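Hi,

Here is the structure we talked about. Please open it and keep it on screen while you read.

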Amino acid sequence: MSAPIIVFDLDGTLVDTAPDLLDSLNHCLATVDMEPVKSEDINRIVGFGSRVMIERAFALRQRHLAEGQLNALQAIFLDHYTANVPGRSKPFPGAIEAIERFQAAGYTTAVCTNKLEGMSLSLLEALGVIGHFKAICGGDTFPMRKPDPGHLLRTIAMAGADPERAVMVGDSRTDIDTAKAAGIPVIAVDFGYTDRHVSAFEPSRVISGFDELTVEMAESLIAATAS
């Protein structure tokens, strides 16, 4: 029998990357003489990839993106972000301890993120935690990405685990919708990057810290799904 698995989103779930994402966003906006996005607007901007971040920043400033401008700005964003990894990004309190807790209980652990695979690998390696994961699948790993359930299901398969003994942990509607579509229970953290409280998207459970993420919780969710 394959091991059970707990699959984590990356940005806003395992790692607090918002400061660096905002720095890179404002770096690319400065090239077109736009005012920087403030930290209090972060939840309106971050969480859907660099292209959406740029589009939302332009909408926030009521500016129009010219044809081809989005691609050019995204390239500037990615260059800046990659050059500064890990920057100020760091795992959320208790995240690594939670992963180790599940591994000690026999769980496989993996990452399923819409962040590009190469950037995800670089970040986790720079933070010294890449070895904790059996699979790290980004937005360009497969032909589909979240909220397509295939992204999550293929991540589980790549990790050699059982989708019927799986739990997803995320911070956004995208993560919650993905897991639901895959028939997998989902635990939402309420400290991530979303402009609405995650409870509005009806995850299986909501936690406010990784100390609340227990093996017993995961096992009860898996058992309830199986029944």
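Below are notes on a helix pair and on a pocket. Bear in mind that this is a predicted model.

**The helix pair**

Two packed helices are described by the angle between their axes and the distance between the axes. Start with helix 1, residues 18-30, and helix 3, residues 50-60. Their axes come within 11 Å. They cross at roughly 60°. Helix 1 is therefore oblique to helix 3. An angle has to lie in 65 to 115 degrees to count as roughly perpendicular. The crossing of the two helices is right-handed.

Which residues make the contact? Helix 1 brings L21, L25, C28 and L29. Helix 3 brings M53, I54, A57 and F58. Try selecting them in your viewer. By class, the contact residues of helix 1 and helix 3 are eight nonpolar, no polar and no charged.

**The largest pocket**

Rolling a probe the size of a water molecule over the atoms shows where empty space is left. The largest pocket holds about 450 Å³ of space. Its lining has 27 residues. Closest to the centre are F48, G49, N114, K115 and R145.

Which helices each supply at least two residues of the lining? They are helix 3, helix 4 (69-83) and helix 8 (173-182). Helix 3 gives the largest share, four residues. So helix 3 turns up twice in these notes: it packs against helix 1, and it helps line the largest pocket.

The pocket lining is mixed in class: eleven nonpolar, eight polar and eight charged residues. Set that beside the helix contact, with its eight nonpolar residues and no polar or charged ones.

Best wishes

Methods. Residues numbered from 1 in each chain as written. Predicted model: local features only at pLDDT ≥ 70, side-chain atom pairs only at ≥ 80, totals over all residues. Heavy atoms only, no water. Axes fitted to C-alpha atoms, helices over the stretch in contact; angles between N-to-C directions. Parallel < 35°, antiparallel > 145°, perpendicular 65-115°, else oblique. Left-handed = near helix turned anticlockwise from the far one by under 90°. Contact = heavy atoms within 4.5 Å. Nonpolar A, V, L, I, M, F, W, Y, C, P; charged D, E, K, R; others polar. 1 Å grid on protein atoms, 1.4 Å probe; cavity = no way out; pocket = protein on both sides within 12 Å on 5 of 7 lines; lining within 4 Å. Points joined across faces, edges and corners; volume = space filled by probe spheres on them.
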